[in-house]
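These are my notes from looking through one protein model. I went from ring pairs to sheets and then to a few odd backbone angles.

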Amino acid sequence: MKQKSDNEEPRYLQRGLLVAAILLLAALNYFYFRNKISANNELITRYTEEADPMEQYRNPAVAGLFYAAEPQNLDSEVSHYLQAGGGSYASLPKILIVPHAGYRYSAPAAARAYRPLTDFAEEVKTVILLGPSHRVPVDGAALASVNYFSTPLGRVPVDREKVKALAAKPGFAVNNAAHKDEHSLEVQLPFLQKVLKNFKIVPVVYGRADAQMMAEALTPLLREEGTLLVVSADLSHYYPYDEAKALDSETNARINSGNADIDYHHSCGAGGINTALLLAQDMNLRPETLALINSGDTSGAKDSVVGYGAWSFEEGGTLERQTAALADYAAAYGQDLLKIARVGLEEAVLHGRVYAPARDDYPDALFDKGASFVTLEKKGDLRGCIGSLYPRRATADDVAVNAYAAALEDGRFSAVEAGELTQIKISVSLLTDFEAVDYRNEEDLLNRIKAGADGLVIRDGRRQGLFLPAVWEQLPDKKEFLNNLKLKAGMSPSYWSNGIRVYRFRTVEIKENEN
């Protein structure tokens, strides 16, 4: 057998390597074209659309600009503002209005609203965030379909079910682009992360949106236990310091009076504020001013400032509950009380005696204790008004006694005569208990008074004055109302002492010919 020469061995090796290379190239071409033209391993019944990152997370847009970007620094920053915020809530608020500027400017006001929430950290399960769109034009209200909003402090879950429910409402639609770079909601999250425990958010930004439409859509959600609405809104923009203070004080007065007519001259978040006020009216929520500052107070520059305020809205307290009870009482027994007042007036004028209602003649409920005022008017002018501050006797007896006193003992007027009886109209006011008003100074007191609703008593030593809520009809301006009340108490309108004690109350009024 012929042996291979030494020269033939390399040739056999070269041929082998060439064949292997050809086979490898063929295999690579096979698998390449197989992937292009043949079936994949996956089944179409398992198809899912590739996830858009925005469908999962809404990442921070203003970290490092409006607040610290590093988690440790942000935690320290928010903790500092919360510690300085102070304050407390008697009960869990249903609505907060807070600012949304950079923390160095507006966080002191926001913290005043957020700090007291720590007492209710376990109770809040859902936070509806409502703020204006600054960067993307929006018709109506825009919802976010993401699963989480992220901040340097971690991620906050979105309540997708509630978002879905809102998306079915008129004027609401998913629009992630409106949320991507928006700061009005984002700056609220670190505060919420610090003061609450396990909660989800329902993020809503709005543009050209009707406040009534938004209020109607949010009402079912807000009525759920453990739900808080946070309305994000700054106040006046770029006025000199003193002008801004005056304009923001006007806005504050409107909010405290429940007047849902805030415009964009007053706030960039006017639509959200008006929505809050409409919800407050419907749900009997009581507003309270927590902070009212501007960037001139926090940054020092006062030539062109932006205003910031914070308000809470809690469910009706003692006065509201008592007012509702009195309204029900008046609806049931108002005609009986007016009859007692009319007979009491006639007995006083014609016979000079106090009428004594008999239990056999009136429902038993009229002999529960109550405080009342009886007001007499003649041709639209006051003719007498006397009442009781405290419920010390049967309501029927109280009305009869006060009718006698209003006719014959009101020192501002001569005694009513028999010839006037047919010209006099009677109203009976039923009073709630009294609630002390805490205040820092006269300006703060004016901010805390609710025009059109509060009756007031002021006391300074032995001097005292009282105005029923009905007086707001003649004196609608708070300052004028208070000045005239001072006069009634024997004080000068310009007089002020922080030692003055102030009490508020409410009334339910029953008028002749209106029942």
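**Entry 1: terms and model.** Before using the word helix, I noted that a helix here is a DSSP run of at least four residues, numbered from the N terminus. I also noted that the model is predicted.

**Entry 2: aromatic pairs.** I recalled that a pair of aromatic rings is described by the distance of the centres and the angle of the planes. I looked up how many aromatic pairs the structure holds, and the count is 11. One of them is Tyr329 with Tyr333, a tilted pair with 5.1 Å centre to centre and 55 degrees between the planes. I checked where these two residues lie. Both are in helix α11 (residues 318-351), 4 residues apart, which is about one turn of the helix. Then I looked up their accessibility. Tyr329 has a relative accessible area of 17%, so Tyr329 is buried, since buried means under 20%. Tyr333 comes out at 23% and is therefore partly exposed.

**Entry 3: a second pair.** I turned to Phe467 and Phe481. Their ring centres are 5.3 Å apart and their planes stand at 70 degrees, so I wrote the pair down as edge-to-face. The pair links distant parts of the chain: Phe467 belongs to strand β18 (residues 463-467) and Phe481 to helix α14 (residues 478-488), with their positions 14 residues apart in the numbering. Are these two buried or exposed? Phe467 counts as buried at 10% relative accessibility, and Phe481 is buried at 0%.

**Entry 4: a cluster and two charges.** I found a cluster in which ring pairs link Tyr67, Tyr81, Tyr103, Tyr114 and Phe191. I also looked for charges over rings. The charged end of Lys302 sits over the ring of Tyr241, 4.4 Å from the ring centre. Arg463 lies over the face of Tyr495, with 5.1 Å to the ring centre.

**Entry 5: the sheet with β18.** Strand β18 led me to its sheet. The sheet is open, has 4 strands in the order β16-β19-β17-β18, and its pairing is antiparallel. Which strands are at the edges? They are β16 (435-436) and β18, and each pairs on one side only. I followed β16 to its partner, strand β19 (residues 501-505), and found antiparallel pairing over 2 bridges. Ala436 has Tyr503 in β19 as its bridge partner. Helix α14 packs on this sheet, where it touches β17 (455-460) and β18, and its direction makes about 135 degrees with that of β18.

**Entry 6: strand β13 and its sheet.** I picked strand β13 (residues 372-378) next. Of its 7 residues, 5 are buried, so the strand is largely enclosed by the rest of the structure. I reminded myself that strands of a sheet pair through backbone hydrogen bonds, either parallel or antiparallel. With strand β15 (residues 424-431), β13 pairs in the antiparallel sense over 7 bridges, and Thr375 stands opposite Ser427 in β15. With strand β14 (residues 381-387), β13 has antiparallel pairing over 6 bridges. Here the bridge partner of Phe373 is Gly387. β13 and β14 form a hairpin with 2 residues between them, and Lys379 in the turn has a positive phi of about 55 degrees.

I then wrote out the sheet. This open sheet of 4 strands runs in the order β14-β13-β15-β20, with antiparallel pairing. β14 and β20 (507-511) stand at the edges with a single partner strand each, so one side of each has no neighbour in the sheet. On average, neighbouring strands of this sheet are turned by 20 degrees against each other, direction ignored. Helix α11, the one with the tyrosine pair, lies across β13, β15 and β20 and runs at about 140 degrees to β15. Helix α12 (residues 395-408) also packs on the sheet; α12 touches β13, β14 and β15, and its direction makes about 40 degrees with that of β13.

**Entry 7: positive phi.** I looked up further residues other than glycine with a positive phi. Tyr238 has a phi near 65 degrees and its place is in strand β10 (residues 237-239). Its relative accessible area is 59%, so Tyr238 is exposed. Asn284 has a phi near 55 degrees and is found in the loop between α9 (270-283) and β11 (285-294). At 41% relative accessible area, Asn284 is partly exposed.

Terms used: Residues numbered from 1 in each chain as written. Predicted model: local features only at pLDDT ≥ 70, side-chain atom pairs only at ≥ 80, totals over all residues. Heavy atoms only, no water. Phe/Tyr/Trp six-rings, centres within 6.5 Å; stacked < 30°, edge-to-face > 60°. Buried < 20%, exposed > 50% of the residue type's maximum accessible area, 1.4 Å probe, protein only. Lys NZ or Arg CZ within 6 Å of the ring centre and 35° of its normal. Pairing = 2+ DSSP bridges. Contact = heavy atoms within 4.5 Å. Axes fitted to C-alpha atoms, helices over the stretch in contact; angles between N-to-C directions.
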